[in-house]
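Dear colleague,

I am passing on the structure below, and after it I set out what was found. Please keep it open while you read.

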Amino acid sequence: MTITWHTVRELDAFRGAAPRGQPWCKVLFADLRDPRLVPLLAPPPLALDCRDEARPATNDRAYFLARRAVHRSLIGAIAGMPADEVVIAYDGDGAPRVESPENFCVSVSGHGPYAILAVGNCRMGVDFEPLDESVEPVTDVLHPEERAILKDLVPDKKTAYFLRVWTAKEAYLKAMGRGFLDDPALVRTRFADNEIAIACAERLLAGVSGQLVETVIDGTKIIAACVTITSLAMS
């Protein structure tokens, strides 16, 4: 599985034909106020976009239409079609799905004007969180193994570990398409450097993989995760 991470300086990575014969995922870090994104913000909202923006939700909607426009533009650039013809809509569980063209998947995470947007040919989920040392770990969302690891860490390492776990879990649950309809405490995360492994029911999911990235957006340190699903085989 190939996951590549890009900034607005690397928009050429989203132009041209998609890789063939392998699962792939491209992730864009973006400040939606960046003037370099103006061409990607051009597609007018479809009726489905406006309907999705109006849905009751707990997540940030301030830049919803901007995120949707950029996603449609990225897919159009890869698929070689006008962004106006790209259709994305929420499914019954509230996950974004590409209705046209076929064989594309998307995921998005947004905090105000900042967003990470993923496009690929397999199911994926993305999430990012500010690396805020004032965040208190929430143990109720942790698997027992994760709670044990957290308990053994020195105090100044606990928040960073919790945010790594939480970001990876949220990305995985998004990739599954059900979000917090499923209990995050049943999901076990493990890390090897920046690689993510996921287990459920105490068994590793062989077709699930992911990456963690730490970077800076507008002076704020963030942790970002992308988790992809090519199968749900157990190992």
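**The sheet, its helix and the cores**

In this predicted model, an open sheet has four strands in the order 1-2-6-5, with mixed pairing (strands are DSSP E runs of at least two residues and helices are H or I runs of at least four, numbered from the N terminus; two strands pair if DSSP finds at least two bridges between them). Strand 1 (2–6) and strand 5 (105–111) are at the edges with a single partner strand each, so one side of each has no neighbour in the sheet. Strand 2 (residues 24–31) and strand 6 (residues 114–120) run antiparallel and are joined by seven bridges, and Leu-28 has Leu-117 in strand 6 as its bridge partner.

Helix 2 is mostly covered, with 13 of its 16 residues buried (under 20% relative accessible area, with a 1.4 Å probe and protein chains only), and just after this helix Gly-80 takes a positive phi of about 70°.

The largest nonpolar core (buried Ala, Val, Leu, Ile, Met, Phe, Trp, Tyr and Cys residues joined through side-chain atoms within 4.5 Å) has 24 residues, and Tyr-172, Ile-196, Ile-198 and Val-208 have the most contacts inside it. Helix 4 gives the largest share of this core, ten residues. A second, separate core of 23 residues includes Leu-28, Leu-37, Leu-40 and Met-81.

Residues are numbered from 1 along each chain as its sequence is written, and side-chain values use heavy atoms, leaving out hydrogens and water. Local features need pLDDT of at least 70 and side-chain atom pairs count only at pLDDT 80 or more, whereas totals for chains, interfaces and linings use all residues.

Best regards

Definitions and conventions
Buried < 20%, exposed > 50% of the residue type's maximum accessible area, 1.4 Å probe, protein only.
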